[in-house]
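Reader: I'm new to this one. Could you pick a single spot, take me through it closely, and then show me how the rest of the chain fits around it?

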Amino acid sequence: QVQLVESGGDLVRPGASLRLSCTASQSIYVMAWYRQVPGKQRELIAQITSALSPYYAPDMIDRFTISRVNHKNAVYLSLTNLTPDDTGLYYCAADAQRIRPPLMATFWGQGTQVTVSS
């Protein structure tokens with residue numbers, strides 16, 4: 001069982017940037033970020049393999065950047081130019097193989113809240 005712990009969520013103003021962090025209890029092939037905004041299903045933002053090969057959901061690529069540091073078992077998500085529509089719970093996730101939506105990842109963190117409001 002892989003344990004995932006996220007951090008970095010915050011209340012920010014529109015146009016701000018944030019960096020979310022997640023640490024896994026052990027190394028694993030794929031680490032990913034999802035989000036769930038009010039009224040919508042949980043959606044994949046991006047995933048990255050241990051070879052540092054990223055994949056982004058098509059509508060997430062412009063303002064979000066996923067990165068990874070293998071020796072720390074850590075994955076990061078940089079969010080820029082945030083808008084109120086980005087408000088939601090951001091989840092770190094992991095899997096032993098590439099995540100193929102609509103299938104979901106196997107392992108999940110508890111989520112970190114991002115609120116964008118003026």
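Author: Sure, let's start with the chain as a setting: buried residues make up 43% of its 118 residues, where buried means under 20% relative accessible area, exposed over 50% and partly exposed in between, with a 1.4 Å probe and protein chains only. A word on the source: this is a predicted model, where local features need pLDDT of at least 70, side-chain atom pairs count only at pLDDT 80 or more, and totals for chains, interfaces and linings use all residues. Residues are numbered from 1 along each chain as its sequence is written, and side-chain values use heavy atoms, leaving out hydrogens and water.

Now the close look, at aspartate 86. You'll find aspartate 86 in the loop between strand E8 (74-79) and strand E9 (88-95); strands are DSSP runs of E, at least two residues long, numbered from the N terminus. Aspartate 86 is buried, with a relative accessible area of just 1%. Who's touching it? Setting aside neighbours within four places in sequence, aspartate 86 is in contact with Arg35, Val37, Arg63, Phe64, Asn81, Val114 and Val116, contact meaning heavy atoms within 4.5 Å.

Stepping back, 57% of the chain's contacts with a separation of 6 or more are between residues 24 or more positions apart. The chain has eleven strands and zero helices. Its radius of gyration, taken over C-alpha atoms, is 13 Å, close to the 13 Å from the globule rule (2.2 Å times the number of residues to the power 0.38), so the chain is as compact as a globular protein of that length. Along its principal axes, the C-alpha trace spans about 40 × 30 × 25 Å.

How values were computed
Helices (H or I, at least four residues) and strands (E, at least two) are DSSP runs, numbered from the N terminus.
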